[in-house]
Amino acid sequence: MPTIEALNQFPVVLPQCTIRFFDAGDAEQLQAAADNPRVSRYMFNGFPSPYTAADAEFWVKDNTRELYAERIAACPPGKRIGLKGLCIEVDGRVCGGIGYGYGNDTGHRTIGVGYWLAEPAWGRGIATAATRWLLEFIAREEPWAVRLEALVYAPNAGSRRVLEKNGFACECVRRAAVAKGDGIVYDGFMMVRVLEERLLQGGGAAGVGVCARGGGVSAVLRTFLQ
């Protein structure tokens, strides 16, 4: 789990984008970026479509730096708070979101990572840069993690390419695993990177199982890429 001190590094300015927490004034730009069926079609059903002004207001209020600091400070022993709702800013505007969460039970050493981008940001290397940075953050803040994964919907070839560039491989194809709210059913590509170095260093044992769900798309810890 990230420390409160780790939150102080934001905003993080990359050549392609800025990673930061959402601010109170972001709701209008967030709605404009997210209210697009070409974005929501490859996200989990919990991603609203249409994406209303109320949806944007809720998300912004739920993902400020102050609220994350409060959650981390109040987190009881044995629990963890992932950063599920960071903002991707491009050219001074909200252009997407990025974050990560944890697996449960025997999957507690798995991290699922996801992001989404507004359509004008596609094909510019923003997703690759943002997710590579995020997972460097995970490398520092989550040293117990041994597996990274994301479920990518079959038609989403661009997201698979982002993952493959970063060392992920398709572990399996889950046939008819994705049932969207509009009735469309997709196969799901389970993209995985196991952090073998951590297992070899005593960070895990044979037979460790994982079952966490990732976001729509993701990338891998650059720390472990050769």
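# Briefing on a predicted single-chain model

Of the 226 residues in this chain, 51% count as buried. The model is a predicted one, and the chain in it has seven helices and eight strands. Those eight strands form an open sheet with mixed pairing, and among contacts between residues at least 6 apart in sequence, 70% join residues at least 24 apart. The chain exposes about 10800 Å², of which carbon and sulfur atoms supply 53%.

**The sheet and its edges**

- The order of the strands across the open sheet is β1-β2-β3-β4-β5-β6-β8-β7, and the pairing within it is mixed.
- Strands β1 (12-13) and β7 stand at the edges, where each has a single partner strand, so one side of each is left without a neighbour in the sheet.
- Strands of a sheet pair through backbone hydrogen bonds, and the pairing can be either parallel or antiparallel.
- Strand β2, covering residues 18-20, runs antiparallel to strand β3, covering residues 86-90, and three bridges join the two; within this pairing, the bridge partner of Thr18 is Glu89 in β3.
- Helix α1, which spans residues 27-34, lies across β4 (93-102) and β5 (110-117), and the helix runs at about 80 degrees to β4.

**Strand β8 and its two partners**

- Strand β8 (residues 185-194) is mostly covered, since seven of its 10 residues are buried.
- On one side, strand β6 (residues 147-153) runs antiparallel to β8 and is joined to it by seven bridges, with Tyr153 standing opposite Gly188 in β8.
- Strand β7 (residues 169-179) also pairs with β8 in the antiparallel sense, over seven bridges, and here Val178 stands opposite Tyr186 in β8.
- The strands β7 and β8 form a hairpin with five residues between them, and Gly183 in the turn has a positive phi of about 95 degrees.

**Backbone features to look for**

- The peptide bond from Phe10 to Pro11 is cis, with omega near 5 degrees, and Pro11 has its place in the segment before β1.
- Another cis peptide bond joins Ser49 and Pro50, with omega at about 5 degrees; Pro50 is in the loop between α2 (37-40) and α3 (53-61).
- Asp91, a residue other than glycine, has a positive phi near 55 degrees and lies in the loop between β3 and β4; because its relative accessibility is 69%, Asp91 counts as exposed.
- Ala176 is not a glycine either, yet has a positive phi of about 55 degrees, and this residue is found in strand β7; Ala176 is exposed, with a relative accessible area of 51%, just where the cut-off for exposed is over 50%.

**Salt bridges**

- Side chains of opposite charge can pair when their charged atoms come close.
- A search of the whole structure finds nine salt bridges, including the three described in the points that follow.
- Glu89 forms a salt bridge with Arg20, in which the closest N and O atoms are 2.6 Å apart; this pair links distant parts of the chain, with Glu89 in strand β3 and Arg20 in strand β2, 69 residues apart.
- Arg20 counts as buried because its relative accessibility is 10%, which is under the 20% cut-off for that class.
- The side chains of Arg71 and Asp62 meet in a salt bridge at 2.5 Å, N to O; Arg71 is partly exposed, with a relative accessible area of 26%, and Asp62 is partly exposed, with a value of 25%.
- The side chains of Asp187 and Arg175 meet in a salt bridge at 3.1 Å, N to O, and this pair links distant parts of the chain, with Asp187 in strand β8 and Arg175 in strand β7, 12 residues apart.
- Within that pair, Asp187 is partly exposed, with a relative accessible area of 24%, whereas Arg175 counts as exposed at 67% relative accessibility.
- Salt bridges that share partners join Arg20, Asp23, Asp26 and Glu89 into one network.

Notes
Residues are numbered from 1 along each chain as its sequence is written. Side-chain values use heavy atoms; hydrogens and water are left out. Buried means under 20% relative accessible area, exposed over 50%, partly exposed in between (1.4 Å probe, protein chains only). Helices (H or I, at least four residues) and strands (E, at least two) are DSSP runs, numbered from the N terminus. Two strands pair if DSSP finds at least two bridges between them. Contact means heavy atoms within 4.5 Å. Axes are lines fitted to C-alpha atoms, for helices over the stretch in contact, and angles run from 0 to 180 degrees between N-to-C directions. Accessible areas come from the Shrake-Rupley method with a 1.4 Å probe; for residues, only the protein chains shown count as cover. A salt bridge is a side-chain nitrogen of Lys or Arg within 4 Å of a carboxyl oxygen of Asp or Glu.
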